[in-house]
Amino acid sequence: MPINFIPNDPGATAAMPMRQQTARKVPTGTASVELDVGEQKGGEVADPGTVDFLYWQVREAILAALEMWTRVEGPVPKWARCSAPRSLELTIDAGSELNAYYDGQGVRFFHYKAGKNLTYSGASTEAASHEFGHALLDSIRPDLWQSNYTEVAAFHEAFADCVALLTQLDDQPTRMALLKVPGNKDLSKPSFFEAIAEDLSAAVKAAYGASHPAAEPRHALNTFQWALPESLPETAPPKTLCSEVHSFARIFVGCFYDLLRLVFTQSASTEANLLKASDTVAKLLIAGVKNAPMDPRFYRSVGRAMLTADDAQNKGKTKPLITKAFAQHGIALGEPAAAAPVGLLAGAAPKRRGKSMIVANSTVRDLRERLDATPGRAFEHRSLHLGPRQVSELVYPHRIKLDRLGKQMRGVVAVGHRSTLVGESNKRAALIGPTTPESVAEAEVLWFVGTLMKMGRVRTQPLTAKRVERISKGPGKLRKGMPKPEHRPTHHVVRRGTARVLERLCFACGCPVTKA
């Protein structure tokens, strides 16, 4: 069945024009995606701006990303938090907002009129695959959803941008067009490929002006240098780095793009070798994400896990390139000395059970005492591969009081995850690397939540768990009583028993505007 399809972005059709192609099928063996409208009958080769075009454009863009992921990583067994775990909803037009978001149940797109131009966020393959990237990351690291560390939230946005880049590179015509950009045989020149979401940024510029943080496309080819998020401005013009998560995400995307360039230039400049380089960095990224401990410095955590993954995937050949790519953006990795034992814990070494490492009860009690953990509040357990060894990650959900952020947050708490790695030394349980200090976790969470509040991203009216469940069933419920589009909340306050807890609603890629 032929359809019209924009392979990149409506704002980049001069470089990658709309084309006709056969509509994709859902890859076999993978969790499914479902659009919120019935199958279209006729009119498949439709004009942009029509419902038929938007239906097939969103479907094709999402399936292109899923096809890339299935080829590189394998089928998605289930979605992380959907009511039906094997079915992710796709809403092609959820109303008038300059926005697109992933809310755990599905991916939602919108339309927005700025001046004479009507923008559909779902019309961009880059924007669609970015939002879908959030769902893919959530499927392999669901624990990142509730993190209140700026760098973890920014990584979610960075990973989604990386999925958008990888989806493009899975397309042969895109690879061929990219290598035809003058002087771009080493991917060192600005191009339609490394500029992400041109159409949406143009709409932001028309609506809010050129100084808005999202008024220009996010560029994967950049020279931004890492700094502590708290040391950066909370918002800034497009060319200036700030702690807002989409802006701060550009640091990791820059590391990823530079690694792609470095791997690609090790071989002849052909589109086939570009695909091989894309697959190499994609597999390293996914393995890195899976094995990265939860840490406020999550970029470094992922980079170090990529180093150890390279031993298994490429016999360590890519390690110097990974180190160089991160160093070019101010992130020093080095060999992961964090995998070395630093102290003895009570109990025997963790025991392997299937794919998991089980920690002795006496070890857990020891860690509780060291962390001054609240009785009855469970650790989250994960098994990680750090080079040749497998360790257990125990993450304590430390609750941090938000009273100092103002009267709206009095009595509200947010989780500051404190990660501890447990391995072995001479058959005894051993602490691996340092544990996140309580003071660091508290400072990181207070900064992150404070920034969210200034951007109008927090709904402070307490909600019961039952109400949360009703809201999560569809975007229509979320729209009722919502503030202006640029202030759509990404977080809300929920009653959990006797506690009022700040929790995430969605990853929204609309344009945040800092309140005066």
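Biologist: How do the residues of the lining of the second largest cavity divide into nonpolar, polar and charged?

Modeller: In this predicted model, that lining divides into three nonpolar, four polar and five charged residues. The cavity itself has a volume of about 110 Å³.

Biologist: Which residues line the second largest cavity, and what makes some of them count as charged?

Modeller: The lining includes Arg19, Arg24, Glu67, Asp170 and Asp171; these count as charged because Asp, Glu, Lys and Arg are placed in that class. Phe5, Pro7 and Ala64 are also among the lining residues, and Phe, Pro and Ala count as nonpolar. Thr125, Thr167, Gln168 and Thr174 belong to the lining as well, and Thr and Gln fall under polar. Among the structural elements, α1 (51-72) and α3 each supply at least two residues of this lining.

Biologist: What is the volume of the largest cavity, and which residues are closest to its centre?

Modeller: The largest cavity has a volume of about 190 Å³. It is lined by 19 residues, of which Glu244, Val245, Phe448, Leu452 and Thr490 are the closest to its centre. Two or more lining residues come from each of α3, α6 (245-264), α11 (438-454) and β21 (507-508). The largest share, four residues, is that of α11. By class, the lining divides into nine nonpolar, six polar and four charged residues.

Biologist: Why does Thr490 count as buried?

Modeller: Buried means under 20% relative accessible area; Thr490 has 5%, and therefore counts as buried. Thr490 lies in the loop between α13 (475-479) and β19 (491-496). Its C-alpha is 5.1 Å in space from that of Cys506, while the two residues are 16 apart in sequence.

Biologist: How do you know that Cys506 is in no bond with the closest cysteine sulfur?

Modeller: A disulfide is a covalent bond between the sulfur atoms of two cysteines. The cut-off for the pair of sulfur atoms is 2.5 Å. The closest cysteine sulfur to that of Cys506 is in Cys509, and because it is 9.0 Å away, it is too far for a bond. Cys506 is also buried, at 2% relative accessibility.

Biologist: How many disulfides does the structure hold?

Modeller: The structure holds zero disulfides. Cys82 is likewise in no disulfide, since its nearest cysteine sulfur, that of Cys506, is 14 Å away, against a limit of 2.5 Å. Cys82 counts as buried at 9% relative accessibility.

Biologist: What makes Tyr55 and Trp56 an aromatic pair that is edge-to-face?

Modeller: Ring centres must lie within 6.5 Å to pair, and planes over 60 degrees apart count as edge-to-face. By this rule the count comes to 14 aromatic pairs. For Tyr55 and Trp56 the values are 4.9 Å centre to centre and 85 degrees between the planes; both conditions are therefore met. Tyr55 is buried, with a relative accessible area of 2%, and Trp56 is buried, also with 2%.

Biologist: Why is the pair of Tyr102 and Trp145 called edge-to-face?

Modeller: The centres are 5.8 Å apart and the planes stand at 90 degrees; set against 6.5 Å and 60 degrees, these values give an edge-to-face pair. The pair links distant parts of the chain, as Tyr102 is in strand β5 (residues 100-102) and Trp145 is in the loop between α2 (125-140) and α3 (150-169), 43 residues apart. Tyr102 counts as buried at 0% relative accessibility, and Trp145 counts as buried at 4%.

Biologist: How do you know that the charged end of Arg504 sits over the ring of Phe507?

Modeller: The distance limit is 6 Å from the ring centre. The charged end of Arg504 is 3.7 Å from the centre of the Phe507 ring, and it sits over that ring.

Biologist: What is the phi of Lys315, and why does Lys315 count as exposed?

Modeller: Most residues other than glycine have a negative phi. Lys315 has a positive phi, near 55 degrees. Lys315 is found in the loop between α8 (298-314) and α9 (319-327). Exposed means over 50%; at 75% relative accessibility, Lys315 therefore counts as exposed. Lys427, which is not a glycine, also has a positive phi, of about 70 degrees. Lys427 lies in the loop between β16 (412-425) and β17 (428-432), and at 68% relative accessibility it counts as exposed.

Key. Residues numbered from 1 in each chain as written. Predicted model: local features only at pLDDT ≥ 70, side-chain atom pairs only at ≥ 80, totals over all residues. Heavy atoms only, no water. Phe/Tyr/Trp six-rings, centres within 6.5 Å; stacked < 30°, edge-to-face > 60°. Buried < 20%, exposed > 50% of the residue type's maximum accessible area, 1.4 Å probe, protein only. Lys NZ or Arg CZ within 6 Å of the ring centre and 35° of its normal. 1 Å grid on protein atoms, 1.4 Å probe; cavity = no way out; pocket = protein on both sides within 12 Å on 5 of 7 lines; lining within 4 Å. Points joined across faces, edges and corners; volume = space filled by probe spheres on them.
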